[in-house]
Amino acid sequence: PFYGFCGAIANPNASLASQAAFIGSQFAQFNATPYGYIEDAGFTKWRELSIRLGLPESFATRFASLKGASVTLSGRNLHTWTNYTGLDPEINEGGGNAFNQAEFNTQPPTRTFTLRFDLKL
């Protein structure tokens, strides 16, 4: 995530964290060190929420063939709380390689919403 820290080269007022991230990423890129700059990637993630509402029986009795109905709204990957500056603290281009925070050509999990209708006939 640090290859874009060009300001750390030319800006004398760049933060020390930006400068260290840039230097570490350059070392990792040119194999001077296998790890480069590692930042805290602690996080809390709201992965999934689902809400299901059943329609009242009084509504179902209005239709002769309907014995029940419900509506479900669900969402995945709703929010991530983190101070990590990359795309997502769980992704990296090295797969299971430890101490790798490179994110080139990787995608964070998508946020999805699903609306479902269930009818009991």
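A salt bridge here is a side-chain nitrogen of Lys or Arg within 4 Å of a carboxyl oxygen of Asp or Glu. The legends below describe a predicted model.

**View 1. Arg 76 and Glu 48 form a salt bridge.** The N to O distance is 3.3 Å, so the pair falls within the 4 Å cut-off. Arg 76 sits in strand β2 and Glu 48 in strand β1. The two residues are 28 apart in the chain, and the contact links distant parts of it. Arg 76 has a relative accessible area of 47%, which makes it partly exposed. Glu 48 is partly exposed too, at 45%.

**View 2. Glu 90 and Lys 45 meet in a salt bridge.** Their side chains are 3.0 Å apart, N to O. Glu 90 belongs to the loop between β2 and β3, while Lys 45 belongs to strand β1. They are separated by 45 residues. Lys 45 is buried because its relative accessible area, 15%, is under the 20% limit. Glu 90 counts as partly exposed, at 38%. Both residues take part in a network of salt bridges with Arg 47 and Asp 88. The model holds five salt bridges by this rule.

**View 3. Asp 118 pairs with Arg 116 in a salt bridge.** The closest N and O atoms are 2.9 Å apart. Asp 118 is partly exposed, with 24% relative accessibility. Arg 116 is also partly exposed, at 48%. Side chains of opposite charge can pair when their charged atoms come close.

**View 4. Three strands make an open sheet in the order β1-β2-β3.** The pairing is antiparallel. β1 (43-54) and β3 (112-120) are the edge strands, each paired on one side only. From one strand to the next, the twist averages 15°. Eleven bridges connect β1 to β2. Nine bridges connect β2 (residues 68-82) to β3.

**View 5. Val 71 has a bridge partner in Leu 53 and stands opposite Phe 117.** Val 71 lies in β2, and Phe 117 lies in β3. Another bridge pairs Gly 68 with Lys 120 of β3. Strands of a sheet pair through backbone hydrogen bonds, either parallel or antiparallel.

**View 6. Phe 104 lies in the loop between β2 and β3.** Is Phe 104 buried or exposed? Phe 104 is exposed, because its relative accessibility of 61% is over the 50% limit. Glu 93 is eleven residues away from Phe 104 in sequence. In space, their C-alpha atoms are 6.2 Å apart.

Methods: Residues are numbered from 1 along each chain as its sequence is written. This is a predicted model: local features need pLDDT of at least 70, side-chain atom pairs count only at pLDDT 80 or more; totals for chains, interfaces and linings use all residues. Side-chain values use heavy atoms; hydrogens and water are left out. Two strands pair if DSSP finds at least two bridges between them. Helices (H or I, at least four residues) and strands (E, at least two) are DSSP runs, numbered from the N terminus. Axes are lines fitted to C-alpha atoms, for helices over the stretch in contact, and angles run from 0 to 180 degrees between N-to-C directions. Buried means under 20% relative accessible area, exposed over 50%, partly exposed in between (1.4 Å probe, protein chains only).
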